[in-house]
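Colleague: Could you show me how to read charged side chains and their surroundings in a model like this one?

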Amino acid sequence: MANICTRGDTVNSISLQRVEPIQVVDLDTSIVEYPSGATTDEQILEMWVWGKAELTQKKYRQVTRDFFAWIQKPIRGVTLQNLQHYANWLTEEEEQSHNTVVGKMFILKSLFTFTTKLGYTRVNVGLPIAHLRFDDKLAGRILSEREVHQMINAEEDCRNLIILMFLYVTGCRCEELCNCKWEHLSERLDAGDVWFPKTKNNEPRTVFLSPSFWQTLMEYREWASDSPYIFSSKKRNLQLTPKAVWDVVSQAAKKAGIKKNVSPHWLRHSHVSHSLDRKVPIHVVKDTVGHKDLSTTGRYAHVKPLDSSARHLGV
């Protein structure tokens with residue numbers, strides 16, 4: 001293809017904030033299209049979720065589907081006032097929690113940031129949403145080491161026991177445990193490792209296990225079902241569902257006398273917090289649990305500090 005621009009040509013910059021179409025010149029024909037290539041809301045929505053993790057796509061689609069069903073407007077017709085009214089409606093009429101509403105508003109903000117950058121919308125109506133903040137409840141969702149061991153010791157079912165240990169030892173997410181297969185285990189040195197191919201961030205990771213837990217897994221494998229999945233349903237030998245794992249964890253907490261609404265993710269929180277308490281380097285913890293940013297891992301050190309000035313006042 002010949003170089004269309006020659007020395008001395010003036011090239012005008014194109015603002016991504018504009019909705020006006022740009023001229024794309026081809027040697028054979030002239031066509032008009034937007035910078036994104038999208039001409040419908042459906043197309044721009046698919047571009048927005050493209051490349052995100054499967055569960056993230058599902059969540060984003062559900063949030064936007066609910067919003068546009070409520071607002072009854074196309075993307076280009078949405079205003080900041082519409083977003084504010086929707087947040088108020090979720091809070092007052094639907095009685096959704098503060099963190100749930102904030103999470104949904106940030107998803108919508110992400111959508112309008114994306115459409116504005118690509119010129120599909122003229123103004124980012126979600127920009128003022130930046131001042132919203134989540135209530136940080138992390139500290140209340142970290143079990144003590146004693147509570148974790150109480151849950152493990154109270155569980156009598158062997159499969160459920162291994163599920164609890166697996167969640168805590170690896171620090172994996174509930175969905176990652178459900179997707180784990182026997183072929184993802186590999187013997188290495190005096191123990192072995194587990195590979196998580198499907199993760200929230202679409203970044204596979206490997207966790208090197210301790211010799212004792214590796215031995216526990218190998219003993220469990222001897223009598224486990226012939227399912228390709230490490231953890232399967234007892235009746236039909238199918239892949240375990242996230243809800244089933246939630247039930248296992250919830251029931252274990254009740255058996256242990258823990259009066260908290262414990263979920264599988266609490267064991268992940270506890271893994272990170274306890275590892276930092278035991279002086280495991282923060283970058284090792286980050287890589288083990290698959291945090292995208294080191295600052296996420298660092299939050300755990302702040303919500304459960306091992307020291308404070310209050311301990312040095314002599315009172």
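Modeller: We will go through salt bridges, then a surface patch, bearing in mind that the model is predicted.

Colleague: How many salt bridges are there?

Modeller: Side chains of opposite charge can pair when their charged atoms come close. In this model the count comes to 11 salt bridges, and one of them joins arginine 61 to glutamate 46, with N and O 2.8 Å apart. Arginine 61 belongs to helix α2 (residues 54-71) and glutamate 46 to helix α1 (residues 41-49), the two being 15 residues apart.

Colleague: Which parts does the pair of glutamate 155 and lysine 255 tie together?

Modeller: The closest N and O atoms of glutamate 155 and lysine 255 are 3.3 Å apart. Because glutamate 155 sits in the loop between α5 (145-154) and α6 (158-170) while lysine 255 is in helix α9, their salt bridge ties together parts 100 residues apart in sequence. Glutamate 155 is buried, at 7% relative accessible area, whereas lysine 255 is partly exposed, at 48%.

Colleague: What separates aspartate 247 from lysine 243 in helix α9?

Modeller: Since they are 4 residues apart in that helix, aspartate 247 and lysine 243 are separated by about one helical turn, and their side chains meet in a salt bridge at 3.1 Å, N to O.

Colleague: Which residues form the negative surface patch?

Modeller: The patch is made up of Glu92, Glu93, Glu94 and Glu95. Glutamate 92 lies in helix α3 (residues 80-92) and counts as exposed because its relative accessibility is 55%, the cut-off for exposed being over 50%.

Notes. Residues are numbered from 1 along each chain as its sequence is written. This is a predicted model: local features need pLDDT of at least 70, side-chain atom pairs count only at pLDDT 80 or more; totals for chains, interfaces and linings use all residues. Side-chain values use heavy atoms; hydrogens and water are left out. Patches are made of residues with over 30% relative accessible area and no salt bridge: like charges are joined within 9 Å, nonpolar side chains (Val, Leu, Ile, Met, Phe, Trp, Tyr) within 5 Å. Accessible areas come from the Shrake-Rupley method with a 1.4 Å probe; for residues, only the protein chains shown count as cover. A salt bridge is a side-chain nitrogen of Lys or Arg within 4 Å of a carboxyl oxygen of Asp or Glu. Lys and Arg count as positive and Asp and Glu as negative; His and the chain ends are not counted. The place of a charge is taken as NZ of Lys, CZ of Arg, CG of Asp or CD of Glu. Buried means under 20% relative accessible area, exposed over 50%, partly exposed in between (1.4 Å probe, protein chains only).
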